[in-house]
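Work through the exercises below with the sequence and the model side by side, and try each task before reading its solution.

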There are 2 protein chains.
Amino acid sequence: MEHEHIVSSFDEDLGRLDSIIAEMGGLAERQLADAVDALSRRDVALAKKVIESDKQIDLLEEEIDNFTIRVLALRQPMAEDLRAVVVALKMASNLERIGDYAKNVAKRTLTLSAMEPVGNATQTIQRMARQVQSMIKNVLDAYGAHDLAKADDVRMRDEEVDLMHTSLFRELLTYMLEDPRNITACTHLLFVAKNVERIGDHVTSIAENVHFLVSGDKPADERPKNDLSSQTIVE
Amino acid sequence: MEHEHIVSSFDEDLGRLDSIIAEMGGLAERQLADAVDALSRRDVALAKKVIESDKQIDLLEEEIDNFTIRVLALRQPMAEDLRAVVVALKMASNLERIGDYAKNVAKRTLTLSAMEPVGNATQTIQRMARQVQSMIKNVLDAYGAHDLAKADDVRMRDEEVDLMHTSLFRELLTYMLEDPRNITACTHLLFVAKNVERIGDHVTSIAENVHFLVSGDKPADERPKNDLSSQTIVE
C-alpha cells in the first residue's frame with residue numbers, strides 16, 4: 001500500500017464533509033419532490049428515475065462513513081471538531097433513509113399508476129410532502145449556518161406533518177369503506193403517506209443533531225408529537 | 001468543572017460499550033417478543049408495559065452516544081479499535097429504532113384489542129416475529145464473538161422475513177376485500193407486519209456492521225431482497 005501524503009488541513013476535511021452532506025441533502029430533497037410529482041402525474045418514467053437515482057445517495061453515505069473514519073484516525077479531533085464529525089456520520093444515515101423512503105414512494109407509484117386514482121388523497125400527500133421538503137431545505141440551511149434557532153424551528157414543525165398524516169389516514173380508511181374497489185390502491189397510499197411522515201421524523205432527528213452540533217447538548221424539551229394514526233378507528 | 005481521573009483502560013471502555021449494546025439488544029428482543037405476545041393475547045396491560053419500557057432503550061442509546069464521543073476524545077483510537085467505537089454508535093441507533101418499532105406494534109395492539117380479531121393474521125405475524133427475534137439473538141451473539149460467518153448468515157435470513165411479509169400483505173388485503181368490517185383492523189395489522197419487517201431490515205444493517213467490525217470491509221455481495229409487497233395488487 002502506498003503512503004498518502006496528508007496535505008489537507010482539518011478545516012478542509014470538515015469542508016469536504018459539509019459539502020458531501022449538502023449534496024446528499026439536495027439529492028434527498030429532489031428525490032422526495034420527484035417521487036411525489038411522479039405519483040400525482042402518474043409519471044412512470046420519473047418514478048423509475050427516482051428508484052434508479054437512490055444509489056447515488058447510498059454511495060455518498062458510504063463516502064461519508066469511510067471519510068469519517070479516516071478523519072477520526074488521522075486528525076483525532078476534540079470538542080466541537082469531534083462533534084462535527086460524529087454529527088456528519090449521523091446525518092448521513094438519516095439522509096440515506098430519507099432517500100430510501102422516497103424510493104419506496106416511487107415503487108408504489110409504479111403500482112398505483114396501473115390502478116384507478118382515488119379521491120383527493122394525492123393532493124393531500126403533495127401538501128404533506130411540500131411541508132417536509134421545506135423542512136429538509138431549512139434544516140440543511142441551519143446545518144450550513146450553524147443556526148440553532150432555525151434547527152429548533154424545523155424540529156417543531158414536524159407536528160404539522162403528524163397532523164396531516166393522521167387526517168390522511170382517516171380519509172383513506174373512509175375511501176376503502178365507501179368502495180372496496182379502492183382497497184388495494186388506498187393501502188399503497190397509506191404506506192406512501194407513512195413514508196412521507198417518516199421522512200419528517202428523520203428531518204427532526206437531523207434538526208436535533210444540528211442542535212447538538214451548535215450547542216453541545218441535545219434539545220432539553222420533549223418535541224410535540226401528534227401522529228394519532230395508530231389509534232384511529234373508522235367504522 | 002472538576003477534573004476526572006481516567007483510570008480505566010481503553011479495553012475497559014470497549015467492554016463497557018459492548019455491555020451497553022448487549023443490554024440494549026436484550027431489551028429490544030424482549031420488547032418485540034412482548035409486543036407480539038400482547039397482540040396475540042389481546043393483552044392491553046402488556047402492550048402498555050412495552051410502550052412504557054421503550055424509554056429504557058432510548059436512554060441507553062443516549063448513554064452510548066455520550067460515552068462514544070468521550071472515548072473518541074480521550075483515547076483517540078486507531079484501526080480496529082476505532083471501528084469498534086464507530087460500529088457501537090451505529091448499532092445503538094439501529095437498536096433504538098427496533099425499540100421504536102416494537103413500541104408502535106404495542107400502540108396498535110391497544111387499538112386492535114378494542115376490535116374484532118381477523119382471520120389468522122396474528123399467527124402469521126407471530127411466526128415472522130419469531131424469525132426476527134432469533135435473528136436479533138444471533139446477530140448479538142455474532143457481535144459478542146466477532147463471528148463473521150454468523151453475521152453473514154443473519155444477513156441472508158432477512159429474505160425469509162421479506163417473503164413472509166409479502167404473503168401477509170396479500171392475505172390482509174384479501175380479508176379487507178372479503179368483508180369491509182375488517183378494513184380498519186387489517187390496516188393496523190398491515191402496519192404491524194411492516195414494523196416487524198422493518199425490524200428485520202435493522203437487524204440486517206447490524207449484521208453488516210458486525211461484518212465491517214470483524215473484517216474492515218462492508219459485505220461485497222448484494223443481499224437478496226424479496227419484499228414484493230409494494231407491487232402487490234389484489235382485485
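**Exercise 1: aromatic pairs**

Over all chains the count comes to 3 aromatic pairs, where rings of Phe, Tyr and Trp (its six-membered ring) pair if their centres lie within 6.5 Å, and where planes under 30 degrees apart count as stacked, over 60 as edge-to-face and the rest as tilted. This is a predicted model, in which local features need pLDDT of at least 70 and side-chain atom pairs count only at pLDDT 80 or more, while totals for chains, interfaces and linings use all residues. Residues are numbered from 1 along each chain as its sequence is written, chains are lettered from A and ligands numbered from 1 in the order in which they are written, and side-chain values use heavy atoms, with hydrogens and water left out.

Task: classify the pair of A:Phe169 and B:Phe191, and place both rings in the fold.

Solution. Begin with the geometry: the ring centres of A:Phe169 and B:Phe191 are 6.1 Å apart and the planes make 45 degrees, so by the cut-offs the pair is tilted. Next, locate the partners: the pair crosses between chains, from helix α5 (residues 148–178) of chain A, which holds A:Phe169, to helix α6 (residues 183–215) of chain B, which holds B:Phe191. Helices here are DSSP runs (H or I, at least four residues; strands are E, at least two), numbered from the N terminus. Then check exposure: A:Phe169 and B:Phe191 are both buried, a term for under 20% relative accessible area, with exposed over 50% and partly exposed in between (1.4 Å probe, protein chains only). Finally, ring pairs link A:Phe169, A:Phe191, B:Phe169 and B:Phe191 into a cluster.

**Exercise 2: two helix packings**

Task: describe how helix α1 of chain A packs on helix α3 of chain A, and how helix α2 of chain A packs on α3(B).

Solution. Take the pair within chain A: helix α1 (residues 10–41) and helix α3 (residues 79–112) pack at about 20 degrees with their axes 9 Å apart, the axes being lines fitted to C-alpha atoms over the stretch in contact and the angles running from 0 to 180 degrees between N-to-C directions. That makes α1(A) roughly parallel to α3(A), since angles under 35 degrees count as roughly parallel, over 145 as roughly antiparallel, 65 to 115 as roughly perpendicular and the rest as oblique. The crossing of α1(A) and α3(A) is left-handed, meaning that the near helix is turned anticlockwise from the far one by less than a right angle, whereas clockwise is right-handed.

Turn to the pair between chains: helix α2 (residues 44–75) of chain A and α3(B) pack at about 135 degrees, with their axes 10 Å apart, and are therefore oblique to each other. The crossing of α2(A) and α3(B) is right-handed.

**Exercise 3: charges over rings and exposure**

Task: find the ring under A:Arg16, and decide whether B:Leu82, A:Arg70 and B:Ala28 are buried or exposed.

Solution. A charge sits over a ring if NZ of Lys or CZ of Arg is within 6 Å of the ring centre and within 35 degrees of the ring normal. A:Arg16 lies over the face of A:Phe67, at 4.3 Å from the ring centre, and in chain B, B:Arg97 lies over the face of B:Tyr101 at 4.6 Å.

For exposure, B:Leu82, in helix α3 of chain B, is buried with a relative accessible area of 1%. B:Ala28, in helix α1 of chain B, is buried at 0%, while A:Arg70, in helix α2 of chain A, is partly exposed at 36%.
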